[in-house]
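This report looks at the surroundings of a bound ligand and at the packing of two pairs of helices. The sequence and the structure are shown here for reference.

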Amino acid sequence: MARRKPVIAGNWKMNKTQRDAADFVAALPDHTRREDSVEMILCAPFTALSTLQTLLKDTQVQLGAQNMYHEPSGAYTGEISADMLRAVGCQYVVLGHSERREIFQENDVLVNLKLKATLSNGMNPILCIGESLQEREAGQFEEKLLNQVELGLAGINMSPSLAERILIAYEPIWAIGTGKTCDESEANRILGLLRHKLTQLYGVDRAQQMRLLYGGSVKPSTIESQIQQSDIDGALVGGASLEAESFAALVSGCKAFGN
Ligand code: PGA
């Protein structure tokens, strides 16, 4: 089986105005704009999406949102639908990020509804899962992670094309924004467990096809040893995706492992 195409997905969180987003794109090196051996995604705040749609048009960088509501339209003050994101050029949507789960009380059922709405509107979900430090120290956190995957993907009939489109990001909560990266062999072990679960759910071919990302204090200095791991197919990156130079370095770090 061909090696899975590496992914670098930037998660800008609640950072950058339209102007800042434009400055970022202007600072992206040409070789990064044209890179096609690594899948590049920028998940920007809603207000910067339209600007980025225009500015990224002639690049290989794809656009993503960081959240979405699953209903198609209606009285949901403050929410954004799949249709709206699609219309502004989004190909990806981050779903179930731990900040959404913890601060905004999103649960697995809601994440699953959002994931289905993302797929049925032609966009690709980045399903996030992760354990807190407390859960890790208490043991049995693997079970929580496997449950988050199973519940997040509930009701999905995993075809080859869906297996291409759905990304799963393992982001230990204690490693997010803390500078404490999860050791790459430990991250690989967890992603191996997830792939095993996906094999049980969908069979070996689909599980081998699916791309599993690691997230949590990924930096240009860590990416090469992470992407070399057998089950780490890419990274979801917060802080280190905010500067064009650093984003470009993350992409370069994966290049040798692209196809
Ligand atoms: P970080 O964030 O890279 O700043 O740790 C990752 C994320 O929350 O997606």
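## Polar contacts of the ligand

In this predicted model, a polar side-chain atom of K13 is found 2.7 Å from an oxygen atom of the ligand. Taken alone, the ligand exposes 280 Å², of which the protein buries 95%. H97 likewise places a polar side-chain atom 2.7 Å from an oxygen atom of the ligand, whereas the contact of G239 is made by a polar backbone atom, which lies 2.9 Å from a ligand oxygen atom.

## The shell around the ligand

The ligand is surrounded by 13 residues, among which K13, H97, E171, G177 and S217 come nearest. Sorted by class, this shell holds seven polar residues, four nonpolar residues and two charged residues.

## Helix packing

Helix α12, spanning residues 220-227, packs with helix α13, spanning residues 244-255, at an angle of about 20 degrees, and their axes are 8 Å apart. Because angles under 35 degrees count as roughly parallel, α12 is described as roughly parallel to α13. The crossing in which α12 passes α13 is right-handed.

Helix α8, formed by residues 141-152, packs with helix α10, formed by residues 184-202, at an angle of about 45 degrees, with 10 Å between their axes. That angle makes α8 oblique to α10. For α8 and α10, the crossing is right-handed.

Definitions and conventions: Residues are numbered from 1 along each chain as its sequence is written. This is a predicted model: local features need pLDDT of at least 70, side-chain atom pairs count only at pLDDT 80 or more; totals for chains, interfaces and linings use all residues. Side-chain values use heavy atoms; hydrogens and water are left out. A residue is near a molecule or strand if one of its heavy atoms lies within 4 Å of it. A polar contact is a pair of N or O atoms within 3.5 Å; within protein, one must be able to donate a hydrogen and the other to accept it, and residues adjacent in sequence count only if both atoms are side-chain atoms. Accessible areas come from the Shrake-Rupley method with a 1.4 Å probe; for residues, only the protein chains shown count as cover. Ala, Val, Leu, Ile, Met, Phe, Trp, Tyr, Cys and Pro count as nonpolar, Asp, Glu, Lys and Arg as charged, and the others, Gly among them, as polar. Axes are lines fitted to C-alpha atoms, for helices over the stretch in contact, and angles run from 0 to 180 degrees between N-to-C directions. Helices (H or I, at least four residues) and strands (E, at least two) are DSSP runs, numbered from the N terminus. Angles under 35 degrees count as roughly parallel, over 145 as roughly antiparallel, 65 to 115 as roughly perpendicular and the rest as oblique. A crossing is left-handed if the near helix is turned anticlockwise from the far one by less than a right angle, and right-handed if clockwise.
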